Amino acid sequence: MILYILAAILIFGVLIAVHEFGHFLTAKLCGVRVNEFSIGMGPQIWGRTVGETEYSLRLLPIGGFCAMEGEDSTSDDERSLTRQGFWKQALIFAAGSIMNFLTGLLIVLILYSGTAAFYTTQVLDFAPEFPAQGDGGLQPGDQLWTINGERVYLYSDVSLLLSLDGDGLVDMEVRRDGEVVDLGQIP
């Protein structure tokens, strides 16, 4: 149980750090002075100033922040956040969410990068003994459209709809050459 809690804290900490990095990077690119970029919250356990920005690591891995000049108070600095135009400010504030979206997209791409194939509702081929193939039945290239009057959207819908059938015969429509074709009842 404790391991799950620690893993959740670590994952949320990474997501928040990525979010704050989005604000940080965009602020720097827009010419806004960033006073501190911190990963974690609470007491500082490590810190280093590079240029005008202090980078720090804090004790509790449950957050982070990007402290920009003029963010919390008025500042006379030309590079403060409040002296930037509306579009720069909007871009800086949106950058955190954009980074979270890009991180999610990257994770999905990594998870599916090794996938050799995806299941679809299109018929590719048949076993030789399959009885419902041919001119009056299913043909290679058909996309399953409805089963017993229910629309098929995903591959998993096929097994679900077939499992609901009680008599072994299903009413089926397929999409063939751009048209929906009613195959009637097939075994």
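## A guided tour of the predicted model

Begin by selecting Thr146, which is found in strand S3; strands (E, at least two residues) and helices (H or I, at least four) are DSSP runs, numbered from the N terminus. The model is predicted, so to speak of local features a pLDDT of at least 70 is needed, side-chain atom pairs count only at pLDDT 80 or more, and totals for chains, interfaces and linings use all residues. Residues are numbered from 1 along each chain as its sequence is written, and side-chain values use heavy atoms, with hydrogens and water left out.

**Stop 1: Thr146**

Is Thr146 buried or exposed? Its relative accessibility is 10%, so Thr146 counts as buried. Buried means under 20% relative accessible area, exposed means over 50%, and partly exposed lies in between (1.4 Å probe, protein chains only). Next, display the residues in contact with Thr146, leaving aside neighbours within four places in sequence: Arg151, Val152, Asp171, Met172 and Glu173. Contact means heavy atoms within 4.5 Å.

**Stop 2: helix H3**

Select residues 155–163, which form helix H3. Asp157, Val158 and Leu161 are buried there. Seen down the helix axis, the buried residues of H3 fall within an arc of 105 degrees, so they line one face of the helix; the arc is that of the directions from the axis to the C-beta atoms. Which exposed residues does the face turned away from the buried side carry? They are Ser159 and Ser163. Now add strand S3 (143–147) and strand S4 (150–151), which are included in what covers the buried residues of H3.

**Stop 3: the nonpolar cores**

In soluble globular proteins, nonpolar side chains tend to be buried together. A nonpolar core is a set of buried Ala, Val, Leu, Ile, Met, Phe, Trp, Tyr and Cys residues joined through side-chain atoms within 4.5 Å. The largest one here has 13 residues. Select those with the most contacts inside this core: Leu138, Leu144, Ile147, Val152, Met172, Val174 and Ile186. At least two residues of the core are supplied by each of S3, H3, strand S5 (170–176) and strand S6 (179–186). The largest share, three residues, comes from S5.

Centre the view on Val174. Beyond its neighbours within four places in sequence, Val174 is in contact with Leu138, Asp142, Gln143, Leu144, Trp145, Glu179, Val180, Val181 and Leu183. Apart from the largest core lies another, of ten residues, among them Cys30, Phe37, Cys66 and Met68.

**Stop 4: the salt bridges**

How many salt bridges does a search of the whole structure find? It finds five, a salt bridge being a side-chain nitrogen of Lys or Arg within 4 Å of a carboxyl oxygen of Asp or Glu.

Select Arg58 and Glu36, whose closest N and O atoms are 2.7 Å apart in a salt bridge. This pair links distant parts of the chain, 22 residues apart: Arg58 lies in strand S2 (residues 53–68) and Glu36 in strand S1 (residues 34–50). Both Arg58 and Glu36 are buried.

Move next to Arg79 and Glu52, whose side chains meet in a salt bridge (2.6 Å, N to O). Arg79 is in the loop between S2 and helix H2 (86–112), while Glu52 is in the loop between S1 and S2, 27 residues apart. Arg79 counts as partly exposed at 33% relative accessibility, and Glu52 is partly exposed at 26%. Add Lys28 to the selection: Lys28, Glu52 and Arg79 are linked in a network of salt bridges.

Finish with Arg83 and Glu78, whose side chains meet in a salt bridge (2.8 Å, N to O). Arg83 is partly exposed, with a relative accessible area of 42%, whereas Glu78 is exposed, at 56%.
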